[in-house]
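Welcome! Here are some short exercises on empty spaces and on one acidic side chain, each followed by a worked solution. Have a look at the model before you begin.

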Amino acid sequence: MRFLTGLQPSGKLHIGNYFGAIQNAIELQNKGEAFYFIANYHAMTTMPGAETLRANTYEMAVDLLACGLDPQKAVFFAQSAVPEVNELAWILSTVCPMGLLERCHSYKDKIAKGFSPNHALFAYPALMAADILLYDSDAVPVGKDQKQHLEVTRDLAGKINDAFGKDLLRMPEAIINETTAIVPGLDGQKMSKSYGNTLPVFGEEKALRKLINKKVVTDATPLEDPKPTENSIILALYKLFATPTQYDEMVEAHNRGGVGYGQFKKDLFEAYWEFFRAAREKREWIMANPGYVDEVLAAGATKAREAAAQVLARVRKAVGLI
Ligand code: ADP
Ligand code: TRP
């Protein structure tokens with residue numbers, strides 16, 4: 001079983017990314033062959049600029065390795081290290097109806113947010129299909145927002161197979177963890193970079209303590225009164241980090257009253273800080289070993305390119321390119 005997924009290097013990793021996508025992908029590296037890459041071609045569709053793109057790609061690699069992505073188990077690489085993916089994207093584009101891309105939510109959402117309606121943004125799903133099909137992937141763990149792109153991928157694979165050979169491209173399945181709740185942001189909306197309400201996975205202790213203390217929204221219930229547990233942002237976040245007993249204790253303290261939000265926020269910070277302790281230590285080690293990330297990505301690129309070359313040779317031959 002080959003798992004493949006891509007993560008866009010589009011800013012600092014937040015705990016919504018971690019619990020919504022990364023944790024699950026990291027567990028899967030123990031259950032089969034894993035191909036994980038940093039989707040830097042995709043990040044270009046929103047034009048971050050050269051230096052930002054380079055820095056974000058590197059930082060994403062550091063963060064994923066720190067979170068437990070194990071390069072001994074998973075093939076880990078930058079999308080752009082296998083430029084052959086663009087050739088497959090082109091081939092897929094030749095069977096891709098315009099209407100299929102026009103229906104994609106991600107394009108419409110990005111335009112609504114004010115991004116320039118360039119061709120790359122429009123063709124984004126065809127490149128994503130190529131990412132998946134180039135490695136004969138069986139299963140693709142993604143968030144719910146990517147479900148439609150997986151449907152496009154299957155559609156395009158079917159069209160190529162109908163036109164050029166029954167088993168030419170492997171039909172992938174999406175793994176969508178429907179049970180993963182949406183992680184709320186510090187203000188209670190969905191946590192997202194675009195809303196400026198994120199809790200980063202990594203950062204400086206004092207600043208993060210202050211962030212939780214100042215930005216997690218609470219109501220005005222006085223210290224001595226019982227506090228509402230429904231729709232409590234503190235409780236929703238605490239649940240991600242605390243043991244079930246710790247969580248029950250905090251619920252109990254809400255019901256009882258006599259404990260202020262300041263204390264709950266302190267407990268939330270401690271649980272969060274403890275949860276990522278090992279990842280933080282790993283990150284420090286990585287940062288102290290310059291060259292490690294480059295080595296890992298170079299080794300991953302070699303393996304990814306080998307796998308891609310086989311599929312691409314098969315496809316080129318079938319479509320008449322040699
Ligand atoms: P953002 O909304 O901050 O731009 P991305 O779209 O880059 O985040 O998120 C990458 C992946 O992280 C998504 O595909 C999704 O699976 C996951 N994710 C992001 N935010 C959340 C959230 N608040 N709750 C659960 N999962 C999330
Ligand atoms: N579009 C995905 C996202 O924004 C990233 C991505 C690019 C991807 N190529 C992929 C995910 C291939 C899975 C498989 O999150």
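On a 1 Å grid over the protein atoms alone, a cavity is a set of points where a 1.4 Å probe fits but cannot get out, while a pocket is an open set with protein on both sides within 12 Å along at least five of seven lines; lining residues have an atom within 4 Å of a point. This is a predicted model, in which local features need pLDDT of at least 70 and side-chain atom pairs count only at pLDDT 80 or more, whereas totals for chains, interfaces and linings use all residues. Residues are numbered from 1 along each chain as its sequence is written, and side-chain values use heavy atoms, with hydrogens and water left out.

**Exercise 1.** Describe the second largest pocket and its lining.

*Solution.*
- Step 1: its volume is about 380 Å³, a volume being the space filled by probe spheres set on the grid points, which are joined across faces, edges and corners.
- Step 2: 17 residues line the second largest pocket, and Ala89, Ser93, His119, Ala123 and Leu127 lie nearest its centre.
- Step 3: α4 (84-93), α5 (98-102) and α7 each give two or more residues to this lining; helices are DSSP runs (H or I, at least four residues), strands are runs of E (at least two), and both are numbered from the N terminus.
- Step 4: α7 provides the largest share, seven residues.
- Step 5: by class, the lining has 13 nonpolar, four polar and no charged residues. Here Ala, Val, Leu, Ile, Met, Phe, Trp, Tyr, Cys and Pro count as nonpolar, Asp, Glu, Lys and Arg as charged, and the others, Gly among them, as polar.

**Exercise 2.** Find which element gives the largest share of the lining of the largest cavity.

*Solution.*
- Step 1: the largest cavity has a volume of about 50 Å³.
- Step 2: its lining includes Gly20, Asn24, Pro141 and Ile175.
- Step 3: α1 (15-28) and β4 (139-142) each supply at least two lining residues, and α1 gives the largest share, four residues.

**Exercise 3.** Is Asp131 buried or exposed?

*Solution.*
- Step 1: locate Asp131 in helix α7 (residues 119-133).
- Step 2: Asp131 is buried, meaning under 20% relative accessible area (exposed is over 50%, partly exposed in between; 1.4 Å probe, protein chains only).
- Step 3: Asp131 has no salt bridge, that is, no side-chain nitrogen of Lys or Arg within 4 Å of a carboxyl oxygen of Asp or Glu.
- Step 4: Lys110, the nearest side chain of opposite charge, is 13 Å away.

Definitions and conventions:
Chains lettered and ligands numbered in written order. Lys, Arg positive; Asp, Glu negative; His and termini not counted.
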